[in-house]
Amino acid sequence: MDGAGVFAVIIGVNVLMTTLAIETFDGLDQQDAYRKGRDYNQVLAEQRAEAALGWSTQITSRIADPARRTVELTLSVAGARGGAVLGLVIEGTLKRPTNAALDTPIAFTPLGAGRYLAQVTLPAWGAGAWRSARAKAVRMPASPRTC
């Protein structure tokens with residue numbers, strides 16, 4: 001094959017790959033990206049309200065069962081004065097940055113002393129990273145107790 005033939009093959013492969021990329025991927029990982037962008041002010045307000053509570057959190061993880069791809073997440077919540085925050089209902093999502101279809105919901109159960117546990121079965125191990133869990137107290141008492 002001469003030099004012109006090599007370039008023809010390269011150009012042909014580039015055209016094929018570009019065509020496949022354009023036809024198979026719409027560029028959106030999130031189907032509701034517009035709404036999320038529009039609602040960003042609410043996200044900022046929630047972050048300010050969260051900061052005003054003065055709570056601190058710590059999350060740890062461990063592989064509970066490698067064969068079943070089960071991971072345990074333990075979340076500790078402390079109040080502004082360092083006491084454990086009790087009575088929360090906490091839910092969240094473990095996100096896979098490269099594939100939203102693998103995002104996994106998380107529900108934490110209280111262990112006591114401000115600690116909450118979630119056991120999560122991941123849809124796949126795969127190469128790459130999981131983004132840290134985004135958790136939110138979906139229900140909390142009118143006056144959360146701290147000890």
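These are legends for a set of close-up views of one predicted model.

Some ground rules for reading them: this is a predicted model, where local features need pLDDT of at least 70 and side-chain atom pairs count only at pLDDT 80 or more, while totals for chains, interfaces and linings use all residues. Residues are numbered from 1 along each chain as its sequence is written, and side-chain values use heavy atoms, with hydrogens and water left out.

**View 1. The whole protein, before zooming in.**
The protein has three helices and nine strands; both are DSSP runs numbered from the N terminus, with helices being H or I of at least four residues and strands being E of at least two. Going along the chain from the N terminus, the elements read α-α-α-β-β-β-β-β-β-β-β-β. Out of 147 residues, 20% count as buried; that label means under 20% relative accessible area, with exposed meaning over 50% and partly exposed in between (1.4 Å probe, protein chains only). About 10400 Å² of the protein is exposed, and carbon and sulfur atoms supply 58% of that area; accessible areas come from the Shrake-Rupley method with a 1.4 Å probe, and for residues only the protein chains shown count as cover. As for contacts (heavy atoms within 4.5 Å), take those between residues at least 6 apart in sequence: 61% of them join residues at least 24 apart.

**View 2. The four-stranded open sheet.**
Four strands make an open sheet in the order 1-2-7-6, with antiparallel pairing. Strand 1 and strand 6 (109-112) sit at the edges with a single partner strand each, so one side of each has no neighbour in the sheet. On average, neighbouring strands here are turned by 25° against each other, direction ignored; the axes behind that angle are lines fitted to C-alpha atoms, for helices over the stretch in contact, and angles run from 0 to 180 degrees between N-to-C directions. Pairing itself needs DSSP to find at least two bridges between two strands. Strand 2 joins strand 7 (residues 115-121) through seven bridges, and the two run antiparallel. S76 has R115 in strand 7 as its bridge partner.

**View 3. The hairpin of strands 1 and 2.**
Here strand 1 and strand 2 form a hairpin with four residues between them, and R69 in the turn has a positive phi of about 60°. The two strands pair in the antiparallel sense over nine bridges. T57 stands opposite V77 in strand 2. Strand 2 is largely enclosed by the rest of the structure, because eight of its nine residues are buried.

**View 4. T74 and its surroundings.**
Is T74, in strand 2 (residues 70-78), buried or exposed? T74 is buried, at a relative accessible area of 14%. Leaving out residues up to four places away in sequence, T74 touches Q58, I59, T60, L111, R115, Y116 and L117.

**View 5. A64 in strand 1.**
A64 belongs to strand 1 (residues 56-65) and counts as partly exposed, with 31% relative accessibility. With residues up to four places away in sequence set aside, A64 touches T70, V71 and E72. Try the ruler on A64 and Q119: C-alpha to C-alpha they are 8.3 Å apart in space, with their positions 55 residues apart in sequence.

**View 6. A salt bridge across the hairpin.**
Side chains of opposite charge can pair when their charged atoms come close. The cut-off used here is a side-chain nitrogen of Lys or Arg within 4 Å of a carboxyl oxygen of Asp or Glu, and the count by that rule is four salt bridges. One of them joins R62 and E72, whose closest N and O atoms are 3.2 Å apart. R62 lies in strand 1 and E72 in strand 2, so this pair ties together parts that are 10 residues apart in sequence. Which of the two is buried, and which partly exposed? R62 is partly exposed, at 47% relative accessible area, whereas E72 is buried, at 15%.

**View 7. Two further salt bridges.**
D65 and R68 form a salt bridge in which the closest N and O atoms are 3.7 Å apart. D65 is partly exposed at 24% relative accessibility, and R68 is exposed at 59%. In another salt bridge, the side chains of K95 and D103 meet at 3.5 Å, N to O. K95 is partly exposed, with a relative accessible area of 23%, and D103 is partly exposed, with a value of 23%.
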